Structure formats: C-alpha cells, structure tokens
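Work through the exercises below with the sequence and the structure open beside you, and try each task before you read its solution.

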Amino acid sequence: MVKKMYAELGISEEVLSFAEETEKTLTEQYRNFDHTAEYNQLKVLSAMQKNKVSEECFGSTTGYGYNDYGRETLEKVYADTFHTEACLVRPQIACGTHALAIALFGNLRPGDEILSPVGKPYDTLEEVIGIRPSRGSLAEYGVTYRQVELKKDGSFDYEGIKEALNPRTKLVEIQRSRGYLTRPSFSVAQIGELIKFIKGIRPDVICMVDNCYGEFVDVIEPSDVGADMIVGSLIKNPGGGLAPIGGYIAGTKECIENSASRMTCPGLGSEVGATLGVNRSFYQGFFLAPTVTAAALKGAVFASALYERLGFPVTPGSREQRNDIIQAVTLGAPEKLISFCKGIQAGAPVDSYVDPEPWDMPGYDSQVIMAAGAFIQGASIELSADGPMKPPYNVYFQGGLTFPHARYGILKSLQRLVDDGHVKLS
Ligand SMILES: *Cc1c(COP(=O)(O)O)cnc(C)c1O
C-alpha cells in the first residue's frame, strides 16, 4: 500500500528499492537516535513535572508582561532541562543571532576581548562582533576579538589557545555545530575538554557555547560540561517545530542577568516582556523537541548513506558520530545542486508547487539556492536545504519534523536527480 502512495507522490520503484536497500545498514543508528530521544524526553518531562506545569502556564500577557506565570515557569523548565541556574526563553528574541548578540553585548564591556578557539564563528556573528565592519558592532564599543584556528585535522590547537588567552580575555565563544563550514562539529565531551583546559588557565573567563542545531542530539548539553552559557534558536531544535519565533540563553545567574539587562534594558531585565499567546507552543514544542531532533537525525543519516552510496562526498559520513542535525553533500555541479533543492521543495507540505531558483542573497559572495516549504518562515528544524552556487556545489540539508517526511523529501531529491539525468541507479 505504501508503495502505491509513493508512486502517486512521484517516487519510482527504482528509487524506492535503492533507498530500502541502503537503509538496511542503518537500523542500529536509527535505534541509537531513538534511545537518545527516549532519555531526553524523560529529561524534559521530568523538568515539566518538577515545575508543576499546568493549564495556567498556557495563558498570555500583553503590555509590559509583568508576572507572566507561563513565561517564568517555562524558563525554569529550560533551566532544569539544561541543568543551569537560570534561563531566558523569549519571543522578543528574534532569532539565533539575536540571542547570541544579547549574550555577548550583555556580558562584555569596553576593553574586553572575545576569543573564538574554534576558528571563524557563524557568518552572522561576524557583523555582531565586527570582524566585518558593521554599524553598532561590539568592535565599535571597544570590544576586541581574537581567533585561534583549528589544527589541520580539525582538533583544538591547545598551544595556540593558551597563547591567545590574555588578561583582557573576558569571554570564549565556542560554536558546537559546523554551521556551513567544512570543519567538524564538536561533541559535548570535546567541548567539555576544551572548557576544562581554558578554565585551568583562566577560571574566571566566561565560556559561552553557540548551541544552535545541537540541542538534544546528545544526552548531555555543553552546560553539563562547564559552559557558563549556552545559546540557541527556537526555530531550530528546541522549538520542536511549534515555536513560531524565539531564542534562549541558559546559564549561570550572573550571565543570565547580564544578558537580561541587554535583552530589554538596564533596570528592567527579565521582569518585562509579554508573551502574546506563544507560551503553549513554546511548551509543546520543547516537549516534542527530543523526538523531532531524532527524526531530523534519522533523515540526515539516511541522506548521508544514500548519497554516499552514489559516490558523492558527504559530511558527516553515514557511520560518523553526529553532533548536530546538518548534513552536507558535495554535488559537484550547479545543475545537480538545483535538482536536489527542487526535489526537496517538491516534497514539502507548504509551497510544494513552487520551484526554487538561485538568487543574490544579501551578505553572500555568490548566488544561493534554498528549498524550504515550512510552516514557520525559515525554520530549519523543518525539512530544508540550501547551497551556495559555487564549487564544490555543496548542499546543506537539515530538519524534518517527522522521519517519514524527511525520508520522503530525500527520496524526492534523488528522484529529481534521476529524472533530470544527473544520477543513474543501475
Ligand atoms: C542558525 C545558526 C545561528 C544563527 O541563527 P539565526 O536564527 O539564523 O539567526 C548561529 N549559529 C549557528 C551555529 C547556527 O546554526
């Protein structure tokens, strides 16, 4: 019966059987993702029970948003899940970059220095920090920046980090996910070692982790291994696909209070900020986040195995450990990148009938093609793919609210490559 449905939805028997054959090797990995989700589900559930989440929490405030019981309880639920003293979870945080900017501006003062010990940070942070000159950057406020490259094999350059730490170093920014670079993503354990090393030299330095795309991929988070602050976006993993906006900053009371005075303003801090009706989606999304993340991980490993078998370079490989939900496939030709993205788009629940085209996106040095048929604009926990139109024509693929949907989208991408004559299965 399911074969008939696939046929009706445009997947040939040839593509389906190729995929099923490939998938036989993935059973154990799928099971591991389910185990992680099981543990994380209990972790979230336990935090919800401990904080007595009730119907009252789903209420809403307007105006100043004083005494928003739902907001205050949700922040405790996040803090208990991530094992931190405090947390901000707010619809006023516009996106991941904004959350990171709040955490940085809130905790840094003129004359301080930021250190990135893992090479270049995420693209959008370049303007926040002022690596690329930008209006209102930290650089304009007299905060300096230093970075230490990773070693050739992708490991931390401990010697270089030791040298870069100086009396002005106030905060270390560690990005867990590779983002859209080719460097490896880091496991929570690796991040823990790095923090331990840094704190061994400078116990007072703030260790902040950009946790975007990493939440619930492991059974521990960077806050379990010494991070003073972890930061992320609610239209990625922890929003579970239901949060319509938002970001979070979880960490020590000191770091969170500093962040709060920047999020709103000095004196008001975390006391204001109406929730305008989003509380229920924030709770429900966080509750679903562990299994949604597992669905995205299964989709990523499925895509990895499929394209690996077809001879395309993939990062990570289908057997490698995963530290985030992103999958990169090197397609090697512009037509292939376009076909891949058109396939993903055609498999979406929203806007499946439109064809994505490469366009000149602000801030990029080449055209970019993006496939996203999402319920929430730009939500990358939903099935999405994008790639810069330049060699080696990498596509970055992530998300999927359910595994059957992620799987279908990937089948569609392959079908499109086959139909357009770019891939031969036999
Ligand atoms: C997505 C992402 C960000 C920025 O998030 P936006 O919501 O796009 O602003 C920052 N860092 C990493 C590693 C990310 O993946």
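## Exercise 1: A glycine in a loop

Leaving aside residues up to four places away in sequence, Gly226 touches Ile195 and Lys199. The model is a predicted one, and this contact is the starting point for the first task.

Task. Locate Gly226 and decide whether Gly226 is buried, partly exposed or exposed.

Solution. Begin with the position along the chain: Gly226 lies in the loop that runs between β5 (206-210) and β6 (229-233). Next, take the relative accessible area, which is 35% for Gly226. A residue is buried under 20% and exposed over 50%, with partly exposed in between, so Gly226 is partly exposed. As a last step, consider Tyr122, which is separated from Gly226 by 104 residues in sequence and by 22 Å in space, C-alpha to C-alpha.

## Exercise 2: Two helix pairs

Task. Find how α2 and α10 are oriented towards each other, and then do the corresponding work for α5 and α9.

Solution. For the first pair, helix α2 (residues 13-23) packs against helix α10 (residues 279-309) at an angle of about 110 degrees, and their axes are 10 Å apart. Angles of 65 to 115 degrees count as roughly perpendicular, and α2 and α10 are therefore roughly perpendicular to each other. On the α2 side the contact is made by Phe18, Ala19, Glu21, Thr22 and Glu23, while α10 contributes Phe302, Ala305, Leu306 and Arg309. Sorted by class, the residues of this contact between α2 and α10 are five nonpolar, one polar and three charged.

For the second pair, helix α5 (residues 96-107) and helix α9 (residues 253-263) pack at about 105 degrees, with axes 7 Å apart, and that angle makes α5 roughly perpendicular to α9. The residues that meet are Ile102, Ala103, Phe105, Gly106 and Asn107 in α5 and Glu254, Cys255, Asn258, Ser259, Arg262 and Met263 in α9. The contact of α5 with α9 contains five nonpolar, four polar and two charged residues.

## Exercise 3: The nonpolar cores

Task. State which residues have the most contacts inside the largest nonpolar core, and which element gives the most to this core.

Solution. In soluble globular proteins, nonpolar side chains tend to be buried together. Here the largest nonpolar core has 54 residues, and those with the most contacts inside it are Phe302, Tyr307, Phe340 and Leu414. The elements that each supply at least two residues of this core include α2, α3 (27-50), β9 (327-330) and α12 (403-419). The element that gives the most to this core is α10, with eleven residues.

Now follow one of these residues: Leu414 touches Val15, Phe18, Leu306, Tyr307, Leu310, Val423 and Leu425, if residues up to four places away in sequence are not counted. There is also a second, separate core of 41 residues, and among its members are Cys57, Phe156, Ala164 and Ala250.

## Exercise 4: The span of a helix

Task. Check whether the length of α11 agrees or disagrees with 1.5 Å a residue, and list the buried residues of α11.

Solution. The expected span is 1.5 Å times one less than the number of residues, so the 13 residues of α11 should span 18 Å; the end C-alpha atoms of α11 are 18 Å apart, which agrees. The buried residues in α11 are Leu337, Ser339, Phe340, Cys341, Lys342, Gly343, Ile344 and Gln345. These buried residues of α11 pack against α10, β10, β11 (384-388), β12 and α12.

## Exercise 5: Unusual backbone angles

Task. Which peptide bond at Pro392 is cis, and is Tyr393 buried or exposed?

Solution. Most residues other than glycine have a negative phi, and most peptide bonds are trans. The bond from Pro391 to Pro392 is cis, with omega near 5 degrees, and Pro392 sits in the loop between β11 and β12. Tyr393 is found in the loop between β11 and β12 as well, and its phi is positive, near 55 degrees. With a relative accessible area of 14%, Tyr393 is buried.

For comparison, take His83, which is not a glycine and yet has a positive phi of about 55 degrees. His83 belongs to the loop between α4 (69-81) and β1 (86-90), and its relative accessible area of 48% makes His83 partly exposed. A further cis peptide bond joins Thr315 and Pro316, with omega about -10 degrees.

Terms used. Residues are numbered from 1 along each chain as its sequence is written. This is a predicted model: local features need pLDDT of at least 70, side-chain atom pairs count only at pLDDT 80 or more; totals for chains, interfaces and linings use all residues. Side-chain values use heavy atoms; hydrogens and water are left out. Axes are lines fitted to C-alpha atoms, for helices over the stretch in contact, and angles run from 0 to 180 degrees between N-to-C directions. Helices (H or I, at least four residues) and strands (E, at least two) are DSSP runs, numbered from the N terminus. Angles under 35 degrees count as roughly parallel, over 145 as roughly antiparallel, 65 to 115 as roughly perpendicular and the rest as oblique. Contact means heavy atoms within 4.5 Å. Ala, Val, Leu, Ile, Met, Phe, Trp, Tyr, Cys and Pro count as nonpolar, Asp, Glu, Lys and Arg as charged, and the others, Gly among them, as polar. A nonpolar core is a set of buried Ala, Val, Leu, Ile, Met, Phe, Trp, Tyr and Cys residues joined through side-chain atoms within 4.5 Å. Buried means under 20% relative accessible area, exposed over 50%, partly exposed in between (1.4 Å probe, protein chains only).
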